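The following report looks at one protein chain, its central sheet, a metal site and a helix contact. Please read it alongside the sequence and the coordinates.

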Amino acid sequence: MAENHILIVEDEPNTAEMLASYFEAQGYKVTTVSWGKDALAFTKKTLPDLVVLDIRLPDIDGYEVCRQLRSHRRTSQVPIIFLTERRERIDRLAGLELGAVDYVTKPFDIQELRLRVRNVLRRAELPPVTHPVTGLPSARLVEEQLNRLMSVKARWTLIAVAIKGLERFADVYGFVARDDVLRAVALMIQRIADEEAGDKKPFVGQLDEVGFFLVVSHEYAKRVREQLDTRLREAMVFFYPRTDWEAGQDQAGEPLPRLSIQIGTIMGPVPYQDLKSLRQAIKDSLASTV
Ligand code: CA
């Protein structure tokens, strides 16, 4: 495996130099910059595996650097470890809300930082268990759930929901708008699951980049499906800029990139022997939706 590349953003020359030589000695590739804008310029060309980011920088502060990294698709997932001052308690929280993965407090113990760097890089190599945009269970958690489902003898219903047209929508309105759609749909599905599926909270997961699913008790399935159908269809209008929606076209005069919702149902217990067949069946159930 290629050596991990760490970008250190720190304006205090002594600290920056100490960190650089320490992590180089540990076998990492290290780049140091001292200004926030330099960090952004650098990540436009090169995507590091990890950013060690000081909060207090001479130009734009660490929060702003983080915010900008998060707002670009290419850098939105790069792990960040903040360097904060001990007295800046609020810094910690605000930093973590920006999706930073960790922080260490200055004056820091280099061993502690080394462990955090190692842990963050290890975590980044594992397949994520929640979807980075919606926060719903994904990947391994979804596989576990589907596998478990195949062995359940009692009746259950899996309802799959897919958003169609999201790619073209993103071409026109950008990926930030696209992510907003994903988040909003995920949230609505969770709400409906909470409100309509009885006492036992159903599993809600992220099936793929544009698809979700819930597993509900048989008796609630019809109602949940109806609610999904109505409420998601009604919500579509809110994803477009109002003027575009009213005009029926985008700023360039093109027809609106049409978003639509597909809903499919699978009722169990199912005869599928493996995950692949179940996934295919879920896909087929969506394709048959008008
Ligand atoms: Ca500083």
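A residue is called buried here when its relative accessible area is under 20%, exposed when that area is over 50%, and partly exposed in between. The model is a predicted one, and by this criterion both faces of strand E3 are covered, since the cut-off is met by Leu50, Val52 and Asp54 on one side and by Val51 and Leu53 on the other. Put as a count, five of the five residues of E3 are buried. In a regular strand the side chains alternate between the two faces of the sheet.

**Overall build**

The protein chain holds eleven helices and nine strands, and its C-alpha trace spans about 65 × 50 × 35 Å along the principal axes. Of its 290 residues, 46% count as buried. Among the contacts with a separation of 6 or more, 66% are made by residues that lie 24 or more positions apart.

**The sheet around E3**

E3 belongs to an open sheet of five strands, ordered E2-E1-E3-E4-E5, in which the pairing is parallel. The edges are formed by strand E2 (29–33) and strand E5 (102–106), each of which pairs on one side only, and from one strand to the next the twist averages 20 degrees. Strands of a sheet pair through backbone hydrogen bonds, either parallel or antiparallel. On one flank, E3 is joined to E1 in the parallel sense over four bridges; on the other, E3 pairs with strand E4 (residues 80–85), likewise parallel and over four bridges. Individual partners across these pairings are listed below.

| Residue | Partner | Strand named for the pairing |
|---|---|---|
| Ile8 | Val52 | E3 |
| Val9 | Leu53 | E3 |
| Leu53 | Phe82 | E4 |

Leu53 thus appears twice, standing opposite Val9 and having Phe82 in E4 as its bridge partner. Two helices lie across these strands: helix H2 (residues 36–45) lies across E1 and E2 and runs at about 160 degrees to E1, while H3 lies across E3 and E4 and runs at about 165 degrees to E4.

**The calcium site**

Which residues coordinate the calcium ion? The donors are Asp11 (OD), Asp54 (OD) and Arg56 (O), at 2.1 to 2.4 Å, and in sequence they follow the spacing D-x42-D-x1-R. Asp11 lies in the loop between strand E1 (5–9) and helix H1 (13–25), and Arg56 in the loop between strand E3 (50–54) and helix H3 (62–70), so this pair ties together parts that are 45 residues apart in sequence. The donors vary in their exposure: Asp54 is among the buried residues of E3, whereas Asp11 is partly exposed, with a relative accessible area of 28%, and Arg56 is also partly exposed, at 42%.

**The contact of H6 with H11**

Helix H6 (residues 139–151) and helix H11 (residues 275–287) pack at an angle of about 95 degrees, their axes being 10 Å apart. Angles of 65 to 115 degrees count as roughly perpendicular, and H6 and H11 are therefore placed in that class. H6 contributes Val142, Glu143, Leu146, Asn147 and Met150 to the contact, and H11 contributes Leu275, Leu278, Arg279 and Ile282. By character, the residues of this contact divide into six nonpolar, one polar and two charged.

Definitions and conventions: Residues numbered from 1 in each chain as written. Predicted model: local features only at pLDDT ≥ 70, side-chain atom pairs only at ≥ 80, totals over all residues. Heavy atoms only, no water. Donors = N, O, S within 2.8 Å, 3.2 Å for Na, K, Ca; no water. Buried < 20%, exposed > 50% of the residue type's maximum accessible area, 1.4 Å probe, protein only. Axes fitted to C-alpha atoms, helices over the stretch in contact; angles between N-to-C directions. Parallel < 35°, antiparallel > 145°, perpendicular 65-115°, else oblique. Contact = heavy atoms within 4.5 Å. Nonpolar A, V, L, I, M, F, W, Y, C, P; charged D, E, K, R; others polar. Pairing = 2+ DSSP bridges.
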